[in-house]
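Subject: Structure for you to look at

Dear colleague,

Here is the structure I promised to hand over, with its sequence. Please open it beside this message and look around before reading on.

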Amino acid sequence: MACESALPAIMDEQALMGLNPNADACYRQRALAYFEQLKESQDGWEVCGEALAKGIYSDDHVKFFCFQVLEHQIKYRHGSLTGAQQQLIRETLMKWLQLQLMSAQSEKPFIKNKAAQVFALTFIMEYLTVWPKFFFDLLSLVGLSPHGLDIYLRTLMAIDAEVVDRDILHTPEETRRNTLIKDSMRENCIPALVESWYQILQTYQQSNSELTCQCLEVVGAYVSWIDLNLIANDRFVNLLLSHMSVEELREEACDCLFEIVNKGMDPVDKTKLVESLSQVLQSAGFFIVEQEEDVDFLAKFSRLVNGMGQALVLSWTKLSKAGDVKVAAETLRALEAKVPLMLQLLIHEDDDISANIVGFCYDYLHILKQLPLLTDQQKNNVEAVMLAVMKKLTYDDEYNFENEGEDEAMFVEYRKQLKMLLDRLAQVSPELLLESVRRVFTSTMQNWQTARFMEVEVAIRLFYMMGEALPASHGAHFTGDATKSSALQDMMRTLISSGVSEYHHTSVTLEFFETVVRYDKFFIVEPQHIPNVLMAFLDHRGLRHSSPKVRSRVAYLFSRFIKTLHKHMNAYIEDILSRIQDLLELAPPENGFPALLSNDDQLFMFETAGVLIVNGECPADRKQALMRSLLTPLMEAFRLLLAKLTQEADEEGQTALADCLSHAVGFASRTSKAFSNKQTVKLCGCSEVYLDCLQTFLPALSCPVQRGTLRSAVRSFLHRMIICLEEEVLPFIPAASEHMLKDCEPKDLQEFIPLINQITAKFKSQVSPFLQQVFMPLVLAIFEVLSRPAEDNDQTAALENQMLRRSYFSFIQTVASSGMNEVMANQGAENIERVLFTIIQGAVDFPDPVAQKTCFIILSKLVELWGGKDGLVGFPDFIYKHIVPACFLAPLKPTFDLSDAQSVLTLSECTLTLKIIHLKRGLEFVQFLQQEYLPSLQVSPEITQELCQVLQQPDTKVLKNYMKAFFQRAKL
């Protein structure tokens, strides 16, 4: 042993028993404690090292445990080890490796991976200093032993993960270290490593496919940062290509070639590399895709071709930018020679193979978009891509529409990639795309009764996709370009008149309604088609469809359709309302039957009903009658359910009733979305019915149970009514506020404050008496909630308090900014002082820049209101004792981060506060800074003078920059 051991040289056997996953909890606990003991001990790792070096234990969990202890030592304590102890670690690892060479049986993969990690960590710590011969020592020990090479290759991958992998975030120090390691490796050992890889590949390509694949993975990982000439030469590439014909090796060989092609290099050299590789692959028969049956290999091959194609695109782009016309043209020819292969892979029936080539395809279309004129061959290529995309967009028989799982989600993602290709095609040749889609769409619509669902769905889908591929401002597809608008109009006529909305498959039905709504402006041009589409929405094809998924989506789409076309609905309003009447009923909680629509879907139906009533051309009294007949059932149900709730003892029953009451309020609220302001409500004669709703809903605020749900619903309704009824709401606000301030939770208050802010900002002096009355009760309720004790580690409570504090300050800000000086001034000196101190506390003590910024805005406003000669008595004193110190103490806090954008905004407001104090108090303030305050902070006379001069300048921007620099200097 290198030093005196504080632990016995033998391990605690009973503790080791706890490492077995099936051990009792008490043993597992003991094993954990033992692990911590060994980690913390100065030399406990030596016991573990000896156990590994001598192969004392055969139990895999014990071996893994020993490596973990060693790993901890190297990772966290390497710097404090003596030279002898570091030497002992090296010897331990090499002895363990020697044991592997002699063992007939290989270790389990999880042990080999952990060993590789420990080797890699030791390498990182020692390669640049005491172990520069790390790789030579490893290679001379393992020779060509498969067990040894396995560890060697795993170690190389572990080193790659630690030193090269760009997905892992490193500190600047680690990044510098990693750069030095790579530079040193390039200089000293990379050629030897490459030679070792070649020997492994050649020796084991036929006898040990697992080792060969591991080696190919290493080559692929290292090729991005080593000299490419070491790999991209005849000897190595021929070896890799020979692996492409070996079933067990070819997928890994493909990945390796992909990494070679992907390496950044000069565009001319890259083109040469890709072309030489391409010729060899082609002559070896790899380009004949239809003969290949192994889809896993083809997916890898497709990725390789994609890499080759994208590499050529990048070369062409660089050469074109550099003005190298001749070589750029050669590169384009090389690129276009790959297009037939690209198309074969794009059209392949396996979506993974197809998806892997989409990038090349997209980039190729981008090149065509930049060319002034397309050749006939290029036009043919565009058409071929178009046909491939149309074919590949089609669902297959296996797609499960009722229970969509992972495969279905992958197809949806793949469809998104194809949509990108379609959008790019539209940029290259919009006329060709439109004509092709029209041809497919028209022929499918003529035979939809006999066509399979996927053919019908994809035909409508393509038409739908044209809406984004050929964009129009605000969906105006039917004005402007005559060719486009007449083609789209023609397709819309076909869609509606063909009867395809009767097709019995949910995917077709949904696509039909999605398309109708995407092109809803068509009905402004040809309103004669509205009745047919309305019937589709309202009958078994839409809102009465057997599938809940279709009904739900149609409820939303119908509301969008009506909103766009409300001016054209006059003739159908009452008919529509009578047909959807049963969909506007509140589903009672105890009803065992599933409703046709969910509550969320019903919200859209109520909004639709509101839009129809409000925008109709009938007289106001008729609108009022229709709105009353829509809302009265909700009010009646609400009264009954509320009475029931107060009697209900069962908590589950209470929850169901409260949810139902909440839905009733939500539905009524949603109908008001049709109104933009009070004027429209008055014109429709609907004020009275909404006031009735208010009177019906407000008693829920005093319900002793299910407060949270009920308050939230009524509060949302009040928000809407302030917009719709304006001052007519005011008589209801005091009583509502009183109820909402009783027995509050943080969330209740947090949600109540925006309501008060809305009232304050909207009605200003009209609500001054009410605000004066509610101001302190609200403030005291907030103080009470914030003072409640909470667990130190209760993150939820801490966040709730932070949000409530922010809401409180936003309330004070709204009051201070609304010109109602008297609201705070009339609260009595003691209360004013209490509130002022909370603002100072918010500005300085809580490390929350959002709240701090609000506090400084409030302080600026109060100085503006009360800081002058005729301001609030005693306030100037408060400015000097508390506001000025806050402006300096807040930015000086260690938690105030001057590099954080939000904190910089806070500092900006803090600076403005100082500026406003100067505007209000003038020279008196400057003298206070010079003679009293800044000297108390130990600020030098020169800096004090400088600051006061900048403060007196008119340019606020100069002051803001100065104050930022001032605090940056102060924090050094």
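Below is what was found, going from the whole chain to single residues.

Please keep in mind throughout that this is a predicted model.

The overall build is a good place to begin. The chain has 47 helices and zero strands, and its C-alpha atoms fill a box of roughly 95 × 90 × 70 Å when this is taken along the principal axes. A compact globule of 972 residues would be expected to have a radius of gyration near 30 Å, whereas this chain has 38 Å. Among the contacts with a separation of 6 or more, 73% are between residues that stand 24 or more positions apart in the chain.

Next come the surface and the interior. The accessible surface amounts to about 44400 Å², and carbon and sulfur atoms contribute 52% of that area. The chain carries 90 positive and 124 negative charges, and the mean positions of these two groups are 6 Å apart. Of the 972 residues, 51% are buried. In soluble globular proteins, nonpolar side chains tend to be buried together. In this chain the largest nonpolar core holds 338 residues, and the members that touch the most others in it are Trp197, Phe301 and Phe888. If you would like to see one of these in its surroundings, select Trp197: leaving aside residues up to four places away in sequence, Trp197 touches Tyr152, Leu156, Cys215, Val218, Val219, Tyr222, Ile226, Ile231 and Phe236.

Three further residues may be worth finding on your screen. Ala329 sits in helix H16, which covers residues 325-337, and Ala329 counts as partly exposed because its relative accessibility is 30%, a value between the limits of 20% and 50%. Measuring from C-alpha to C-alpha, Ala329 and Arg711 are 71 Å apart in space, and in sequence they are 382 residues apart.

The other two are Glu726 and Gln938. Glu726, although it is not a glycine, has a positive phi of about 50 degrees, and its place is in the loop between helix H35 (707-725) and helix H36 (733-740). Gln938 is likewise not a glycine and has a positive phi of about 65 degrees; Gln938 lies in the loop between helix H45 (923-936) and helix H46 (941-951). Are these two residues buried, partly exposed or exposed? Glu726 is partly exposed, since its relative accessible area is 22%, while Gln938 is exposed, since its relative accessible area is 71%.

With best wishes

How values were computed. Residues are numbered from 1 along each chain as its sequence is written. This is a predicted model: local features need pLDDT of at least 70, side-chain atom pairs count only at pLDDT 80 or more; totals for chains, interfaces and linings use all residues. Side-chain values use heavy atoms; hydrogens and water are left out. A nonpolar core is a set of buried Ala, Val, Leu, Ile, Met, Phe, Trp, Tyr and Cys residues joined through side-chain atoms within 4.5 Å. Buried means under 20% relative accessible area, exposed over 50%, partly exposed in between (1.4 Å probe, protein chains only). Contact means heavy atoms within 4.5 Å. Helices (H or I, at least four residues) and strands (E, at least two) are DSSP runs, numbered from the N terminus. The radius of gyration is taken over C-alpha atoms; the globule rule is 2.2 Å times the number of residues to the power 0.38. Accessible areas come from the Shrake-Rupley method with a 1.4 Å probe; for residues, only the protein chains shown count as cover. Lys and Arg count as positive and Asp and Glu as negative; His and the chain ends are not counted. The place of a charge is taken as NZ of Lys, CZ of Arg, CG of Asp or CD of Glu.
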